[in-house]
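User: I'm new to this one, so could you take a close look at a single part for me? I'd like to hear about the hollow spaces inside, and what sits around them.

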Amino acid sequence: MKTQRAGYGLFAALVALTLLISGAIVTTLTALDSDDRRQAASEAGAGARSGNTTARAVGTGGWAGSWSAAPGRAGVAPAGGHSVRNVVHTSIGGSEARITLSNLYGTEPLRIGGASIAVAAGGAAAVPGSLRRVLFDGRPYATVPAGGHVVGDPVPLTVPADGHLLVSVFVPPPGGGTVTLHARARQTSYLALGDRTRDAGASAYTRRTSSWHHLTAVDVRAPAARGTVVALGDSLTDGAGSTPDADRRWPDHLADRLRSGRWGYGVVNQGISGNRLLRDGVGPSGLSRLDRDVAGRPGARVVVIALGVNDLLRSAGTADPAEVTAEVTAGLRSLAERARARGLRVVGATLMPFRGHPRYSPALDAARGQINTAIRAGTVFDAVVDFDRALRDPYAPERLHPVYDSGDHLHPNDAGYERMARSVDLSALTGEGAPARL
């Protein structure tokens with residue numbers, strides 16, 4: 001267990017000492033920000049990039065993704081004015097932060113009456129002195145159109161790496177209606193009556209929720225950051241089966257590895273439980289999520305694609321496995337080609353075994369094997385992460401090794417997710433020292 005997650009007391013004291021320093025730093029960085037943005041805009045307008053899919057840090061303006069959650073479904077918002085305090089886990093730290101709020105599934109405009117961000121001291125409480133109000137084009141409120149999103153203004157804040165933030169959002173009366181959620185967050189967040197976005201204490205946040213509301217991203221300004229790794233997947237990326245409130249999804253462990261060395265990459269998790277590659281269902285299909293959930297992430301350099309198992313499981317009894325095999329392989333290849341066209345390095349994961357799951361069949365397992373053969377052949381992705389070999393039982397390769405099985409024979413446990421992250425070759429992930437694929 002990592003010592004950072006064992007408690008917040010010592011960290012809170014350190015943050016309190018550094019908050020005064022961050023203001024001076026940010027004053028200097030803000031002066032540089034407009035030039036960085038002009039450079040980024042110039043590079044973005046330069047036309048299509050070359051076929052080099054080695055991860056490259058260009059045009060980031062010093063911004064990288066530290067946390068993200070793909071909007072997965074619609075929910076019903078509480079009636080009356082209420083605040084939601086989202087608790088999120090950072091991958092990379094920085095001296096400024098900005099948030100993205102989504103109304104993707106909203107049927108009406110979403111009114112934001114206030115928002116704030118703070119360093120978490122545990123539960124819904126903020127580290128004293130760390131709470132900052134979030135503005136939107138200089139105003140403390142915003143209206144997010146149905147189907148749209150809004151990005152907050154940058155906020156000076158010493159954001160810890162491998163830490164927790166509180167992002168609080170006030171929705172004024174009458175409330176209710178449709179709200180955009182990321183359900184099954186594996187993280188406890190909190191709700192309160194009224195506008196409690198500026199409360200540093202936790203006493204007003206009396207209700208708990210296992211979903212993130214409205215919030216889809218926290219980016220940080222970190223001039224030393226080299227870019228962002230985006231994990232695009234389903235429940236196996238979302239962390240189903242891992243311990244709640246412990247940050248033990250495989251992208252969390254991958255962020256630990258990248259942070260501990262010379263890499264300088266943020267990691268954002270764009271997994272949606274139940275998501276499929278080819279068709280909409282629980283969230284939009286993986287094929288349709290590339291621009292918003294991957295290429296749209298600040299500093300995106302690498303995408304790790306771990307999709308396809310739900311296409312197999314949900315086809316059980318309704319389609320020819322051979323046809324599903326061909327469709328999934330073609331879909332992965334198409335997604336990879338489109339990602340490369342956007343200048344991303346594309347890493348693909350093999351599909352892990354699921355014998356013992358209620359929808360398992362030998363025919364579907366054979367289809368999984370054929371898809372994995374295509375992935376390992378190197379004709380689909382720039383590099384391969386072999387989650388199948390890392391977690392399967394060597395004596396029964398059609399099932400997860402019992403030591404990694406959460407118990408449902410599909411999702412790993414904490415040890416399994418750590419094993420997945422350990423199976424990633426970091427040099428292959430970023431493409432450093434690897435020949436470009438044209």
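Analyst: Let's start with how residues get sorted here: Ala, Val, Leu, Ile, Met, Phe, Trp, Tyr, Cys and Pro count as nonpolar, Asp, Glu, Lys and Arg as charged, and the others, Gly among them, as polar. With that in hand, look at the second largest cavity, whose lining divides into 9 nonpolar residues, 1 polar and 1 charged. Keep in mind that this is a predicted model.

Who are these lining residues? Asp-234, Leu-236, Ala-306, Leu-307, Val-309, Ala-349, Thr-350, Leu-351, Met-352, Phe-387 and Met-420 line the second largest cavity. Asp counts as charged, and Asp-234 is on that list. The space they surround has a volume of about 80 Å³.

A search of the whole structure turns up 2 cavities of 30 Å³ or more, so let's visit the other one too. The largest cavity holds about 190 Å³ of space. It has 19 lining residues, and the closest to its centre are Trp-67, Ser-68, Arg-249, Asp-252 and Asn-269. Three elements each give two or more residues to this lining: strand S1 (63-68), helix H3 (250-260) and strand S19 (265-271). S19 supplies the largest share, with 4 residues. By class, the lining of the largest cavity has 7 nonpolar, 8 polar and 4 charged residues.

Arg-249, one of the residues closest to the centre of that largest cavity, deserves a second glance. Its side chain meets that of Asp-247 in a salt bridge, at 3.7 Å from N to O. Both partners, Asp-247 and Arg-249, are buried.

Now back to Phe-387, which we met in the lining of the second largest cavity. Helix H8 covers residues 387-391, and it holds Asp-388. The side chain of Asp-388 meets that of Arg-368 in a salt bridge of 3.2 Å, N to O. Arg-368 lies in helix H7 (residues 362-376), so the pair ties together parts that are 20 residues apart in sequence. Both Arg-368 and Asp-388 are buried.

Asp-388 also has a salt bridge with Arg-392, at 3.0 Å from N to O. How accessible are these two? Asp-388 counts as buried because its relative accessibility is 3%, while Arg-392 is partly exposed at 27% relative accessible area. Salt bridges with shared partners join Asp-365, Arg-368, Arg-376, Asp-386, Asp-388, Arg-389 and Arg-392 into one network. For the wider picture, the structure holds 21 salt bridges.

Technical notes: Residues are numbered from 1 along each chain as its sequence is written. This is a predicted model: local features need pLDDT of at least 70, side-chain atom pairs count only at pLDDT 80 or more; totals for chains, interfaces and linings use all residues. Side-chain values use heavy atoms; hydrogens and water are left out. On a 1 Å grid over the protein atoms alone, a cavity is a set of points where a 1.4 Å probe fits but cannot get out, and a pocket is an open set with protein on both sides within 12 Å along at least five of seven lines; lining residues have an atom within 4 Å of a point. Grid points are joined across faces, edges and corners, and a volume is the space filled by probe spheres set on the points. A salt bridge is a side-chain nitrogen of Lys or Arg within 4 Å of a carboxyl oxygen of Asp or Glu. Buried means under 20% relative accessible area, exposed over 50%, partly exposed in between (1.4 Å probe, protein chains only).
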